[in-house]
Amino acid sequence: MNSTLIESLKQRRTQYALGRNVSLDNDALTHLIKEAIRHTPSSFNSQSSRAVILFGGQSEKFWSLTKQELSTIVPAEAFAPTAAKLDSFAAGVGTVLFYEDQAVVDGMQKQFALYAENFPVWSEQSGGMAQFAVWLALTEAGLGASLQHYNPVADDATRQEWNVPVSWKLRAQMPFGSHEAGFGDKAFMADEQRFIVKG
Ligand SMILES: Cc1cc2nc3c(=O)[nH]c(=O)nc-3n(C[C@H](O)[C@H](O)[C@H](O)COP(=O)(O)O)c2cc1C
């Protein structure tokens, strides 16, 4: 059985070397990212995932704000590699900021008290699925991306800059752009350690 999905799964890799040689325009990419998030499942169809989609100068602004915040906590002598890393994220076409809306989580906890303790976990799981769906959609469109976690350092500055609702909690960032380098080999653990199959 040939599966195009499995082929796409194999093609999705962490790409740090990003550029701007992308033929899709911002509208097409925005549509792709929205569709990927829209069609991601969520507990009770609660749709707690949110995204801020930044292109060009706005994406650069995010990484510059993050750099500014990090410069206050990373020791000066160790800052150069951090700054270079953030610059490599800013070199792409854009960045998706992934949020989970805590107002939705609170509402679900009140509405379904029996499952109250599960909703924060399910929100995280659903958010992870949304991140993966976007990563895969970008892969199929021929773009490279990586998954970053500069939260909570970037939360406040970002909230102010783009007027993000207070109930949205920043969970991950995905810089994306053209592939400007290949990938190294990836090691996989043995199936025997990973799967139990019966019947
Ligand atoms: C939940 C999760 C968190 C991750 N966090 C980071 C991160 O903060 N920074 C980063 O560079 N990569 C991060 N990654 C990427 C992984 O390191 C990467 O997917 C893994 O090493 C496998 O490599 P591949 O993506 O090329 O298949 C994360 C991946 C996942 C699934």
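UniProt annotations may be inferred rather than shown by experiment, and their positions are given here in the numbering of this structure.

**View 1. The annotated domain in a predicted model.** Welcome to this structure, which is a predicted model. An unreviewed UniProt entry lists residues 9–177 as "domain: Nitroreductase". Within that span, helix makes up 50% and strand 17%. The C-alpha atoms at the two ends of residues 9–177 are 18 Å apart.

**View 2. Helix H4 from end to end.** Here we look at residues 79–90, the twelve residues that form helix H4. From its first C-alpha to its last, H4 reaches 16 Å, close to the 16 Å expected at 1.5 Å a residue.

**View 3. The two sides of H4.** Phe-79, Thr-82, Ala-83, Leu-86, Phe-89 and Ala-90 are the buried residues to find in H4. They line one face of the helix, because they fall within an arc of 115 degrees when seen down the axis of H4. In an α-helix, residues three or four places apart point the same way, because each turn takes 3.6 residues. Ala-80 and Pro-81, on the other side of H4, are exposed. Among the elements covering the buried residues of H4 are strand S1 (18–19), helix H3 (56–71) and strand S5 (168–179).

**View 4. Ala-137 and its contacts.** Let us finish with Ala-137, which sits in helix H6 (residues 119–140). Its relative accessibility is 17%, so Ala-137 counts as buried, the cut-off being under 20%. Leaving aside residues up to four places away in sequence, Ala-137 touches Leu-32 and Ala-36. Ala-137 and Ala-36 are 101 residues apart in sequence, yet their C-alpha atoms are 6.7 Å apart in space.

Terms used:
Residues are numbered from 1 along each chain as its sequence is written. This is a predicted model: local features need pLDDT of at least 70, side-chain atom pairs count only at pLDDT 80 or more; totals for chains, interfaces and linings use all residues. Side-chain values use heavy atoms; hydrogens and water are left out. Helices (H or I, at least four residues) and strands (E, at least two) are DSSP runs, numbered from the N terminus. The expected span of a helix is 1.5 Å times one less than its number of residues. Buried means under 20% relative accessible area, exposed over 50%, partly exposed in between (1.4 Å probe, protein chains only). The arc is that of the directions from the helix axis to the C-beta atoms. Contact means heavy atoms within 4.5 Å.
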